[in-house]
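Reader: I should like to learn how to read the contacts and the ligand site of a model. Please take me through them.

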Amino acid sequence: MTNNLFIAIEGTDGSGKSTQAKLLAERLTAEGHKVYLTFEPTKGNIGRLLRSILTREQKADQAAIAGLFLADRLDHLLNEEDGLVKKLSEGYTVITDRYYFSSYAYHGVYVDMDWVIACNAMCARILRPHLNIFVDVPPDACMQRIIANRESPELYETTEILNKVRHNYLAAFEKLKEEEHIAVVDGDAAVETVAERIYEVVLPLFSHR
Ligand code: TYD
């Protein structure tokens, strides 16, 4: 029996979830776990196409974007070189910065969320996270960080859209609470405080397996 975990870190743009994913990976590594930190959209071909859509270099229909994120995710899971299924089988604890709840929350703003959930059913069958951690930060605070850190905001980076995205995350958690493991962490605090809160929800997962 292996004791490695699959953890997804979720949040709106500007929530600080990437920093938190990194800090969690560092802490678990320091404790002796074999950790693989990864993210979506990926750095693969489909992920690169998605980045060019997010920066508005290319245009695509919102349903098509949802489909591309699904394709990117399946590649993230299944590719033979560094797919997550392989990494988990090799004993890594995998931390992904975004997974399918990002799709439910973001694409649910434009298309039927139930359709997005149905499209992603195969991903849930292949790998369901031991925990989805939502770093919850008020969207206006997220927008202030985005404006301070970026030359120009990406496709979904307005307070209005991020408010809808946050609302969709909470609606998706409610909808899927029977089959998914979810922790909502208050992310509106100092980086170290949020990191500690996240560590506290992860730690019991190791001891209970
Ligand atoms: P983000 O994690 O914010 O990356 P970065 O900080 O490097 O820009 O993710 C990029 C964007 O992709 C973000 O706006 C959310 C969006 N996204 C979706 O719309 N659907 C998805 O399924 C995923 C994984 C991300």
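Author: A contact means heavy atoms within 4.5 Å. Leaving aside residues up to four places away in sequence, Tyr104 touches Met113, Val116, Ile117, Asn120, Asn168, Ala172 and Leu176. This is a predicted model, in which local features need pLDDT of at least 70, side-chain atom pairs count only at pLDDT 80 or more, and totals for chains, interfaces and linings use all residues. Residues are numbered from 1 along each chain as its sequence is written, and side-chain values use heavy atoms, with hydrogens and water left out.

Reader: Which residues come nearest to the ligand?

Author: A residue is near a molecule if one of its heavy atoms lies within 4 Å of it. Of the 16 residues around the ligand, Asp13, Lys17, Arg73, Arg98 and Ser103 come nearest.

Reader: How should I read polar contacts with the ligand?

Author: A polar contact is a pair of N or O atoms within 3.5 Å. A side-chain N or O atom of Lys17 is 2.8 Å from a ligand oxygen atom; for Arg73, the corresponding distance to a ligand oxygen atom is 2.9 Å.

Note on methods:
A polar contact is a pair of N or O atoms within 3.5 Å; within protein, one must be able to donate a hydrogen and the other to accept it, and residues adjacent in sequence count only if both atoms are side-chain atoms.
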